[in-house]
Amino acid sequence: MKVGGLAKKLYRPHSIEDLKWITSHIKGYYILGGGSNILMNDQIVFEHVVFMGDYDKNYLVLNEDKSIVCSASIKIPKLIRFAAEYNLGGIENLITVPALVGGTVVMNAGGEPNAPSISDYIKKVEFVKDGKVFFVDKDACNYSYRNSIFLGKNWIISKVIFQFSEIPHAKIKNKISQKIIFSKIKQDISVPNLGSVFNESDKNIMRFLRYTSFNNQGLYYSRKAHNWISNGGNGDFKQAQKLINRALLLHKLFKKRIHTEWIVWEKEINE
């Protein structure tokens, strides 16, 4: 999105021991993966930020039972293409999502009409909390659309085990190609953005906002992609807040349902 603040202390863990130390010694930290769904306040300095991009970033293994174990820092497109090599798939709809596995597991990415969620293929999740490592089955993660037990917590996902469907490689390759073509046509990837702002909103209201907020120098609701805020170049956090609040207000006035999908780092964590 090219909108963000500063970190006074940036932690870059590489091992499970690093995560155990961080979660037992540091309080009030934000967790940053690929940052593809995070809006940061550019007016403050965050005391503690844990960046997961370097964590065990090459760990991606196929087991004998055809389950796949991967680090939370693996990029989603890399996971999809790795699985495809073994005729395993199911989440090709996420091929254009520039996120890390950890973030997509927290947010339960996917789940749009006629598309699976990433949780449909999760077997187990390893996470670190208060200096201890936990390994839980998918059923214990309370998954629903864009929601999980991890959302809003300071638990750090470290590893995930997936069980994908067996699909011919040619079919997976075709799905990937179709999604890439669709994204080029329907999604506004020409300028920085965070994708969909809301995971539930009224199309008529959002259409009105698309044609009344255009600002090619700052932030605006994209005229190409439904429910996207794009950055024309000089966008900032206050502009994002204004656009989001405008949508929330209009939905409230017209008694329509709306729910923000973005994770917003608005203020420092005092815990």
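1. Helices here are DSSP runs of H or I with at least four residues, strands are runs of E with at least two, and both are numbered from the N terminus. With that in hand, asparagine 199 is easy to place: strand E13 (residues 198-200) holds it. A note on what you are looking at: this is a predicted model, where local features need pLDDT of at least 70 and side-chain atom pairs count only at pLDDT 80 or more, while totals for chains, interfaces and linings use all residues. Residues are numbered from 1 along each chain as its sequence is written, and side-chain values use heavy atoms, with hydrogens and water left out.

2. Now the overall picture. The protein has six helices and 17 strands. Its radius of gyration (taken over C-alpha atoms) is 19 Å, close to the 18 Å that the globule rule gives for 271 residues, so the protein is as compact as a globular protein of that length. That rule is 2.2 Å times the number of residues to the power 0.38. The C-alpha trace spans about 55 × 50 × 35 Å along its principal axes.

3. How much of the protein is buried? Buried residues (under 20% relative accessible area; exposed is over 50%, partly exposed in between; 1.4 Å probe, protein chains only) make up 46% of the 271 residues. As for contacts (heavy atoms within 4.5 Å), take those with a separation of 6 or more: residues 24 or more positions apart account for 66% of them.

4. On the outside, the accessible surface comes to about 14,000 Å², and 51% of that belongs to carbon and sulfur atoms. Areas come from the Shrake-Rupley method with a 1.4 Å probe, and for residues only the protein chains shown count as cover. The protein has 38 positive and 25 negative charges, and their mean positions are 7 Å apart. Lys and Arg count as positive and Asp and Glu as negative, with His and the chain ends not counted; each charge is placed at NZ of Lys, CZ of Arg, CG of Asp or CD of Glu.

5. Salt bridges next (a side-chain nitrogen of Lys or Arg within 4 Å of a carboxyl oxygen of Asp or Glu). The whole structure has ten of them. One of the ten joins lysine 20 and glutamate 17, at 3.4 Å from N to O. Why are these two separated by about one helical turn? They are three residues apart in helix H1 (residues 16-25). In general, an α-helix has 3.6 residues a turn, so residues three or four places apart point the same way. Lysine 20 is partly exposed at 27% relative accessible area, and glutamate 17 is partly exposed at 47%.

6. Another salt bridge pairs aspartate 54 with lysine 57, the closest N and O atoms being 4.0 Å apart. Aspartate 54 counts as buried at 15% relative accessibility, whereas lysine 57 is partly exposed at 44%. Arg12 comes in too: Arg12, Asp54 and Lys57 are linked in a network of salt bridges.

7. Have a look at arginine 146 and glutamate 112, whose side chains meet in a salt bridge of 3.0 Å, N to O. Arginine 146 sits in the loop between strand E9 (132-137) and strand E10 (156-162), and glutamate 112 in the loop between helix H3 (101-107) and strand E8 (122-129), so the pair ties together parts that are 34 residues apart in sequence. Arginine 146 is buried, with 9% relative accessible area, but glutamate 112 is partly exposed at 32%.

8. Back to asparagine 199, which counts as buried at 17% relative accessibility. Which residues does asparagine 199 touch, not counting those up to four places away in sequence? They are Tyr145, Arg146, His259, Thr260 and Glu261.

9. Helix H2 (residues 76-84) has Ile76, Leu79, Ile80, Phe82, Ala83 and Ala84 as its buried residues. Their cover includes strands E5 (60-62), E6 (68-71) and E7 (88-89), along with H3, E10 and helix H4 (169-186).

10. Finally, two spots to find for yourself. Glycine 33 is in the loop between strand E2 (30-32) and strand E3 (38-40) and counts as partly exposed at 24% relative accessibility. Leaving aside neighbours within four places in sequence, glycine 33 is in contact with Phe51 and Leu100. Lysine 238, in helix H6 (residues 237-253), counts as exposed at 57%.
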